[in-house]
Amino acid sequence: MKKKDDKTIYFIGMIVAMLIWGVAWPSGKATAEHSNAEVAAFWRYAISFITIIPVIWYMKTPLKTDKIGALYMVIAGLLISLFNYLFFAGLSHGEAGYGGTMVTAISPILTYLLSITVFRTKVNTKQVIALSIGIFAAVILLKIPFEGLGFLNLNSSYFLECAVVWSVVTIIAQKASKRVDPMFYTLIVFGITGLTNMFFALPYHPFEISSFDSVFWWNILFIGVLAGTFSTALFFISASKIGAHQTGVFMFIVPVGAIVSSWFIYNENIVLSTVVGCVLAFVAVVLFNSKRGLRKKAQVL
């Protein structure tokens, strides 16, 4: 009984982190509207990198890895810099609530598919059913039954690309977790991402502080500090106590935060297909990760 009570604070921490990540979507949209994707992408991770350093020091995080771990971090940093640009570019054209739901819901499904096809992860009948539900959820989220290939337009294509990139990043992070502390991994990835995005932001003069208004700075600080450093640290601390098995389920709190906050801030409509697709994806992830009767190879996701 005591162990369950001890975990309560970590469950709350995970929920808070997920909700902040959800609110980051409409906040990112506001940031993109008051600058551009290149500048917003740079400042987001530049701020996160700077503010996570004291956290690393306070947590006494071991700053070591091997060559393969270092390679994973470099690749992840470059990929997240691409994701970062797509994130803001997508929010410049599309709805924040839809983007937050689509990326969060489709990414784990793509991650499973990549793991099965590329890394030959063994799955059982139950997991095949879960993946089938997940694919159907993705079809609903992409609005294929209603709009055909309409998801290829600017309003959706950036978010779909975000989901694809993030699924690859997820696999890299899982591989790197055996070779490097997650907080050190985050520090290096933040630094590489910020540096990479800076080169693309330089033509837009990102260091001319006064050229950006208070809306931009308040929102980029929220995304960089709260959604970046604070929520990332909270996520890793809570995940280490809760367990990786349950962490994936909590990710589906992100769409709730994204949809509700986008409705409140931007008056975005809550579309039934988005809610249904998200729920189906949630069911797929829960079913796929269910411990009961789960058989995997030694090479796990």
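**Figure 1. The buried residues of helix H5.** Gln 127, Ala 130, Leu 131, Gly 134, Ala 137, Ala 138, Ile 140 and Leu 141 are the buried residues to look for in H5. This picture, like those that follow, comes from a predicted model. An α-helix has 3.6 residues a turn, so residues three or four places apart point the same way. Keep that in mind as you walk along the buried residues from Gln 127 to Leu 141. Helix H5 covers residues 125-141, which makes 17 residues. From its first C-alpha to its last it reaches 24 Å, close to the 24 Å expected at 1.5 Å a residue. Just after H5 you meet Lys 143, with a positive phi of about 60°.

**Figure 2. The whole chain, for orientation.** Let us step back for a moment. The chain has 12 helices and 0 strands. Read from the N terminus, its elements run α-α-α-α-α-α-α-α-α-α-α-α. The chain has 301 residues, and 49% of them count as buried. Now consider contacts between residues at least 6 apart in sequence: 91% of these join residues at least 24 apart. On the outside, the accessible surface comes to about 14,800 Å², and carbon and sulfur atoms account for 70% of it.

**Figure 3. A look into the largest nonpolar core.** How many residues does the largest nonpolar core have? There are 78, and those with the most contacts inside the core are Met 18, Trp 25, Trp 43, Phe 88, Tyr 185 and Phe 216. Helix H2 (residues 37-58) gives this core its largest share, 11 residues.

**Figure 4. Trp 21 meets Phe 235.** A pair of aromatic rings is described by the distance of the centres and the angle of the planes. The structure holds 14 aromatic pairs. One of them is formed by Trp 21 and Phe 235, with 5.3 Å from centre to centre and 45° between the planes, a tilted arrangement. Trp 21 belongs to helix H1 (residues 2-33) and Phe 235 to helix H9 (residues 214-242), so this pair ties together parts that are 214 residues apart in sequence. Are these two rings buried or exposed? Trp 21 counts as buried because its relative accessibility is 19%, and Phe 235 is buried too, with a relative accessible area of 14%.

**Figure 5. Trp 25 and its neighbours.** Here the ring centres of Trp 25 and Phe 159 are 6.0 Å apart and the planes stand at 65°, so this pair is edge-to-face. Trp 25 sits in helix H1 and Phe 159 in helix H7 (residues 154-176), and the pair links parts of the chain that are 134 residues apart. Trp 25 is buried, with a relative accessible area of 6%, and Phe 159 is buried at 0% relative accessibility. Which residues form an aromatic cluster with Trp 25? They are Phe 83, Phe 87, Phe 88, Phe 159 and Trp 166. Leaving aside residues up to four places away in sequence, Trp 25 touches several others, among them Leu 91, Val 103, Val 254 and Ala 258.

**Figure 6. Two charged side chains over rings.** Lys 29 lies over the face of Tyr 266, 5.7 Å from the ring centre. Arg 44 lies over the face of Phe 87, at 4.6 Å from the ring centre.

**Figure 7. Thr 31 and what it touches.** Thr 31 is part of helix H1. It counts as buried, because its relative accessibility is 0%. Leaving aside residues up to four places away in sequence, Thr 31 touches Ala 40, Phe 88, Phe 216, Asn 219, Ile 220 and Ile 223.

**Figure 8. Helix H11 and the residue that follows.** Helix H11 (residues 253-266) has 14 residues, so at 1.5 Å a residue it should span 20 Å; its end C-alpha atoms are 19 Å apart, which agrees. Its buried residues include Ile 253, Val 254, Gly 257, Ala 258 and Ser 261. After H11 comes Asn 267, in the loop between H11 and helix H12 (272-289). Phi of Asn 267 is positive, near 60°, in a residue other than glycine. Asn 267 is exposed, with a relative accessible area of 58%.

**Figure 9. His 205 in its loop.** Where is His 205 found? His 205 lies in the loop between helix H8 (182-201) and H9. Although His 205 is not a glycine, it has a positive phi of about 55°. At 46% relative accessibility, His 205 counts as partly exposed.

Methods: Residues numbered from 1 in each chain as written. Predicted model: local features only at pLDDT ≥ 70, side-chain atom pairs only at ≥ 80, totals over all residues. Heavy atoms only, no water. Phe/Tyr/Trp six-rings, centres within 6.5 Å; stacked < 30°, edge-to-face > 60°. Helix = DSSP H or I, 4+ residues; strand = E, 2+ residues; numbered from the N terminus. Buried < 20%, exposed > 50% of the residue type's maximum accessible area, 1.4 Å probe, protein only. Lys NZ or Arg CZ within 6 Å of the ring centre and 35° of its normal. Contact = heavy atoms within 4.5 Å. Areas by Shrake-Rupley, 256 points an atom, 1.4 Å probe, with all protein chains shown as cover. Core = buried A, V, L, I, M, F, W, Y, C linked by side-chain atoms within 4.5 Å. Expected span 1.5 Å × (residues − 1).
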